[in-house]
Amino acid sequence: MLFNSFHFVFFFVIVTTVYFLLPYNKRWLLLLASSCYFYMAFVPIYILILGFTIVVDYFAGILIEKSTGKRRRLYLIISLVANIGILCIFKYYNFINTNFSFLLHGFGLSNPIPYLSILLPIGLSFHTFQAMSYTIEVYRGKLPAERHFGIYALYVMFYPQLVAGPIERPQNLLHQFREKHSFDGDRVFEGIKIMIWGLFKKLVVADRLGIYVDNAYSHLHQQDGMTFIMATIFFSFQIYCDFSGYSDMAIGAAKVMGFNLMTNFKRPLFAKSTGEFWKRWHISLSTWFKDYLYFPLGGNRGSVARTYINLMIVFVISGLWHGANWTYIIWGAINGAYLVFAIITKKYREKMGALIGLNKVPRLNLFIQIVVTFILISLSRVFFRARSVEDAVTVFEKMLTFKGSIFNDGTAIIIYCFLAMFMLLIVEFKREFYMGSFSFSHNKNFWVRTSYYSILVLLIILVGVFDGGQFIYFQF
Amino acid sequence: MMTKLINANTLKSFFLKLFVFVIIVFMLDRLAGAMLKNFYFKQQAGSDYLTTYVIDKTTADLLVFGSSRAANIFNPVIFETQTGLSCFNAGRYGEPIFYHYAVLKCILKRYKPKTILLSFDAGSFNKNQESYDRMAPLLPYYNDHPEIRDIVTLKGPFEQVKLLSCIYPYNSLLLPIISGNTAYGKQKSTHLKGYIPIADTFTGEKETIDYTKKTMLDNKKIAAYNAFINDCKKAKIPLYIVCSPYLINSIGTDASIIEAKKIAAESSTDFFDYSRDPYFTSNPRFFADFRHLNESGVEVFCNILIQKLLLPPVKYFF
């Protein structure tokens with residue numbers, strides 16, 4: 001069930017209404033049943049996989065809490081192996097097998113291991129990571145094991161963030177299922193407003209830009225360099241609006257029912273460095289990797305070289321988390337390299353800035369930093385978007401020619417794309433740099449803010465893309 | 001129980017605000033929808049203008065239906081010269097059989113053409129969501145043409161709900177509407193009675209398409225094709241189905257063409273299959289790309305087709 005479908009609208013209205021009509025102590029049951037329905041709307045049978053990890057992690061949590069020493073560690077390992085094992089089978093098995101075949105082929109041997117013909121369960125990486133954070137936190141003693149099986153299952157399955165996050169921490173979410181969320185009209189409206197803005201980002205911006213980007217990448221050899229330069233810029237906006245739009249809808253839907261999910265994006269388009277970008281982009285995943293991988297590896301507490309290695313490990317694994325393809329691994333490695341390069345060159349860049357006087361013109365300095373960060377991130381995303389490394393190389397080769405037209409599919413599409421990006425940038429710019437000033441969306445006057453959201457709804461109906469349009473991050 | 005869980009005043013205030021929001025959205029939707037409708041039907045150029053013209057105005061004797069392979073290949077001027085019948089090309093880029101059938105229904109409600117040509121494409125019956133999405137150009141006609149409602153609702157399970165909005169039928173049409181109402185749009189319009197010539201000549205390599213792979217056919221598309229034939233029969237309008245040439249090396253035969261031929265034969269409708277005609281497939285200079293003939297190819301193809309249609313017994317056109 002997609003958030004941008006009527007199926008979801010009906011589902012959401014019914015579930016929310018019944019939720020507020022039920023007594024507090026029965027609500028978890030409704031949320032769990034509706035989350036099961038929500039997940040089963042994709043591929044029903046995959047609920048069994050989810051059920052398996054829930055059972056394993058539920059008991060692992062209790063056993064970890066009860067035991068000490070090696071046994072405690074053993075239960076954690078069992079839980080992690082179960083979660084990562086499922087991830088490996090469904091997401092990485094064929095990728096590993098393909099590379100194994102390639103390796104054997106180099107020695108003139110054939111690979112006897114068969115390929116699996118299976119679909120990747122929707123949002124597997126998201127709920128696996130969320131489940132893993134629970135057992136790790138219990139192991140670390142920061143969280144008591146959840147004894148209520150239904151509440152624990154709901155923590156993993158809570159439908160607003162089940163398939164594409166935010167990847168919640170148990171400390172933030174678990175207790176909320178026990179809290180009494182009474183009906184609050186203002187909070188409900190606040191949630192609906194967040195959902196409307198998310199829907200706008202998805203339908204008006206992301207899916208519109210997606211038409212241009214998909215056209216460019218699906219006819220790779222017929223496109224010119226300028227088309228790919230445009231597609232690279234558009235893809236950065238597309239993926240941001242697609243994913244943050246989903247997050248907004250998840251956060252908004254949860255808010256309507258009284259749940260606070262973590263912020264997942266903080267206007268990453270305005271990041272001044274690649275380091276800052278990762279503090280603003282997919283925050284729930286970045287912090288997950290920081291807490292459960294980067295710090296356990298030693299973080300920046302060891303030598304400088306060790307810090308660089310740790311960063312590279314984290315970003316390569318982050319790339320692999322996104323997909324079983326060398327393109328994602330390279331994308332992760334490039335972003336890790338950006339960070340390493342930024343640390344190495346920090347002093348020199350500062351000296352250079354002072355030398356040419358950029359520090360004296362802070363606005364220009366800020367603008368240059370934002371643009372350079374955007375370009376670097378966008379270029380790395382060519383690997384993220386391309387189907388293969390060869391395709392990505394072709395795109396770079398074509399881009400470097402700077403030839404051809406940007407109108408790969410008529411002028412109307414590109415005008416819509418620019419208009420959509422312009423509307424997004426106006427709102428984001430205002431929120432980034434003029435937060436406290438006049439606002440339509442949070443105006444004190446009821447009529448002003450209601451009119452603003454009414455117009456937003458009409459714009460969605462008028463220029464939104466209603467046909468197709470899965471969320472990009474569902475595949476991860 | 002409800003009063004315990006929800007404060008009555010909070011609920012009252014919430015529903016009041018919700019009501020105001022819905023009313024504002026409703027009023028703005030009606031207002032903007034009315035304006036868009038007005039300008040949509042005032043267009044003087046563009047694909048939507050041609051659809052409106054075909055549905056509401058044309059009285060041509062001979063009508064050509066189909067996708068881009070109809071719009072780019074059947075030149076009405078050649079047909080008019082050779083047959084003496086007035087002709088209009090109602091083809092529209094990328095449109096599936098649902099669209100053609102809906103337009104036919106609108107036309108039959110208004111008048112009875114003397115002859116109809118349906119251009120058929122390889123893969124027309126293949127299952128894909130895109131064909132349903134492509135019915136969007138019919139949405140502006142939904143309210144005023146009840147005869148097409150059962151076809152339009154195939155677009156999706158919630159189409160009737162979406163159509164409660166007056167803006168939705170004009171979704172993504174803002175720029176075409178502006179263009180169609182300006183001199184710029186008229187200047188850009190290059191059609192000749194619906195026919196859009198292509199001057200380019202194909203320079204690439206011929207592709208090989210393997211039709212032996214199993215393809216899922218869409219029963220709804222087949223039903224629409226059947227209905228198209230039956231409606232022509234009921235109205236006693238001679239119908240000719242034509243599959244124009246492709247510049248490809250094909251392995252096997254397209255499953256849609258096989259099915260379409262079978263249905264045509266069962267209903268005694270002529271099906272002219274030029275998809276693999278050696279005269280054309282060996283002449284790349286007749287093509288703009290592997291699917292579309294260019295102007296010189298159109299000239300040759302239309303004349304060949306007309307000669308075939310004029311062969312005795314002269315049942316065609318008259």
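A disulfide is a pair of cysteine sulfur atoms within 2.5 Å. The exercises below concern a predicted model.

**Exercise 1. Cysteines**

Task: Determine how many disulfides the whole structure holds, and explain why Cys241(A) does not form a bond with the cysteine whose sulfur is closest.

Solution.
- Step 1. A search over all chains returns zero disulfides.
- Step 2. For Cys241(A), the closest cysteine sulfur belongs to Cys417(A), at a distance of 11 Å.
- Step 3. The cut-off is 2.5 Å; the sulfur of Cys417(A) is therefore too far from that of Cys241(A) for a bond.
- Step 4. The surroundings of Cys241(A) can be added: its relative accessibility is 0%, so this residue counts as buried. Cys88(A), with a relative accessible area of 31%, is partly exposed.

**Exercise 2. The sheet of chain B**

Task: Establish in which order the five strands of the open sheet in chain B are arranged, and which strands stand at its edges.

Solution.
- Step 1. The order of the strands is 2-1-3-5-7, with parallel pairing.
- Step 2. The edges are held by strand 2 (87-89) and strand 7 (270-273) of chain B; each has a single partner strand, so one side of each lacks a neighbour in the sheet.
- Step 3. From one strand to the next, the twist averages 20°.
- Step 4. As an example of a pairing, strand 1 (residues 62-65) and strand 3 (residues 115-119) of chain B run parallel and are joined by four bridges. Within this part of the sheet, Leu62(B) stands opposite Thr115(B) of strand 3.

**Exercise 3. Helices across the sheet**

Task: Identify which strands of chain B helix 5 lies across, and do likewise for helix 6.

Solution.
- Step 1. Helix 5 (residues 76-83) of chain B lies across strands 1, 2 and 3, and its direction makes an angle of about 160° with strand 2.
- Step 2. Helix 6 (residues 97-110) of chain B lies across strands 1 and 3, running at about 155° to strand 1.

**Exercise 4. The interface of chains A and B**

Task: Describe the contact between chain A and chain B by its residues, its buried area and its salt bridge.

Solution.
- Step 1. Chain A contributes 38 residues to the contact and chain B contributes 31 residues.
- Step 2. The two chains bury about 3,000 Å² between them, 76% of it from carbon and sulfur atoms.
- Step 3. On the side of chain A, the residues that lose the most area to chain B are Phe183(A), Phe189(A) and Leu462(A), together 21% of what that side buries.
- Step 4. One salt bridge is found across the interface. Its partners are the side chains of Lys17(B) and Asp186(A), at 3.1 Å from N to O.

How values were computed
Residues numbered from 1 in each chain as written. Chains lettered and ligands numbered in written order. Predicted model: local features only at pLDDT ≥ 70, side-chain atom pairs only at ≥ 80, totals over all residues. Heavy atoms only, no water. Pairing = 2+ DSSP bridges. Helix = DSSP H or I, 4+ residues; strand = E, 2+ residues; numbered from the N terminus. Axes fitted to C-alpha atoms, helices over the stretch in contact; angles between N-to-C directions. Contact = heavy atoms within 4.5 Å. Buried < 20%, exposed > 50% of the residue type's maximum accessible area, 1.4 Å probe, protein only. Buried area = accessible area lost by both parts, 1.4 Å probe. Salt bridge = Lys/Arg side-chain N within 4 Å of Asp/Glu carboxyl O.
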